[in-house]
Amino acid sequence: MTVHEYEAPVDVPAEDLFEYAAEPANLPEFLSVVSEAHRTGGDRVEVRADVHGHHVDGEGWFRADAASRTLRWGVPGQDDYRGELVVHEVGGDRSRVAVRLNTARGDKGEVRRELAEAVAALAQGAAARTDAGRADRQEGWAG
């Protein structure tokens with residue numbers, strides 16, 4: 001088992017970023033390998049993904065703790081894949097994301113690149129949703 005860690009600043013308020021990330025249905029928007037994800041009850045999620053050219057249908061767990069802005073997820077099995085994402089408030093419209101991933105995959109460069117891409121896509125998706133919400137409420141609009 002290899003532990004991979006990645007941290008990055010994000011120009012989205014921590015509450016908005018966490019709310020977006022905590023919804024399993026949004027996973028395909030920021031995890032390129034995931035094509036579909038939804039809750040099946042409690043903390044169970046069903047995911048469809050394409051991993052290194054192989055289609056995978058699987059079930060795992062996905063837990064969101066809003067008080068600590070922490071997500072934890074995993075897939076039981078021989079590889080014991082699991083991870084954690086924490087959103088830290090920096091101030092104003094900024095936050096910081098810390099991701100920790102435990103996986104049997106050992107290519108640190110590739111996994112780090114994938115984590116960076118996922119966090120960038122997460123930030124873009126959350127920013128778009130935040131901006132749309134502000135526009136719906138007409139915040140910042142004159143007249």
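How many bridges join E2 to E3? I began with this pair and found that six bridges join E2 to E3, which run antiparallel; I took two strands as paired if DSSP finds at least two bridges between them, and helices (H or I, at least four residues) and strands (E, at least two) as DSSP runs numbered from the N terminus.

Before going on I noted that this is a predicted model, in which local features need pLDDT of at least 70 and side-chain atom pairs count only at pLDDT 80 or more, while totals for chains, interfaces and linings use all residues. Residues are numbered from 1 along each chain as its sequence is written, and side-chain values use heavy atoms, with hydrogens and water left out.

**The sheet**

I then followed the pairing outward and found seven strands in an open sheet, in the order E1-E7-E6-E5-E4-E3-E2, with antiparallel pairing. E1 and E2 are the edge strands, each pairing on one side only. On average, neighbouring strands of this sheet are turned by 20° against each other, direction ignored; the axes here are lines fitted to C-alpha atoms, for helices over the stretch in contact, and angles run from 0 to 180 degrees between N-to-C directions.

Back at E2 and E3, I saw that they form a hairpin with two residues between them, and that Gly42 in the turn has a positive phi of about 60°. The bridge partner of Arg39 in E3 is Val45. Arg44 is also found in strand E3 (residues 44-51), and at 27% relative accessibility it counts as partly exposed; I used buried for under 20% relative accessible area, exposed for over 50%, and partly exposed for what lies in between (1.4 Å probe, protein chains only). Leaving aside neighbours within four places in sequence, Arg44 is in contact with His38, Arg39, Glu59, Gly60, Trp61 and Pro76, where contact means heavy atoms within 4.5 Å. Arg44 and Pro76 are 32 residues apart along the chain, and their C-alpha atoms are separated by 11 Å.

I also looked up a loop, the one between strand E4 (54-65) and strand E5 (70-75), where Arg69 lies. Phi of Arg69 is near 50°, a positive value in a residue other than glycine.

**Strand E7 and its partners**

How are E6 and E7 connected, and how many residues lie between them? They form a hairpin with two residues between them, and Gly92 in the turn has a positive phi of about 60°. E6 and E7 pair in the antiparallel sense over nine bridges, with Glu84 standing opposite Arg100 in E7. On the E1 side, E1 and E7 also pair in the antiparallel sense over nine bridges, and here Glu7 stands opposite Ala98 in E7. Seven of the ten residues of E7 are buried, so this strand is largely enclosed by the rest of the structure.

Is Ser95 of E7 buried or exposed? Ser95 is buried, with a relative accessible area of 1%, and its side chain reaches the backbone oxygen of Val12 at 2.8 Å. The contacts of Ser95, leaving aside neighbours within four places in sequence, include Val12, Ala14, Leu17 and Val90. Val90 itself lies in strand E6, yet at 51% relative accessibility it counts as exposed. Val90 and Pro9 are 81 residues apart in sequence and 8.6 Å apart in space, C-alpha to C-alpha.

**Helix H1 and the core**

I turned next to H1 (residues 14-21), in which Ala14, Leu17, Phe18, Tyr20 and Ala21 are buried. Seen down the axis of H1, these buried residues fall within an arc of 165°, so they line one face of the helix; the arc is that of the directions from the helix axis to the C-beta atoms. On the other side of H1, Glu15 and Glu19 are exposed. H1 lies across E1, E4, E5, E6 and E7, running at about 160° to E6.

Last, I looked up the largest nonpolar core, which has 30 residues, with Leu17, Leu71 and Leu85 having the most contacts inside it; such a core is a set of buried Ala, Val, Leu, Ile, Met, Phe, Trp, Tyr and Cys residues joined through side-chain atoms within 4.5 Å. The largest share of this core, seven residues, comes from H3. Leaving aside neighbours within four places in sequence, Leu85 is in contact with residues including Leu71, Trp73, Val97 and Leu122.

Technical notes. A polar contact is a pair of N or O atoms within 3.5 Å; within protein, one must be able to donate a hydrogen and the other to accept it, and residues adjacent in sequence count only if both atoms are side-chain atoms.
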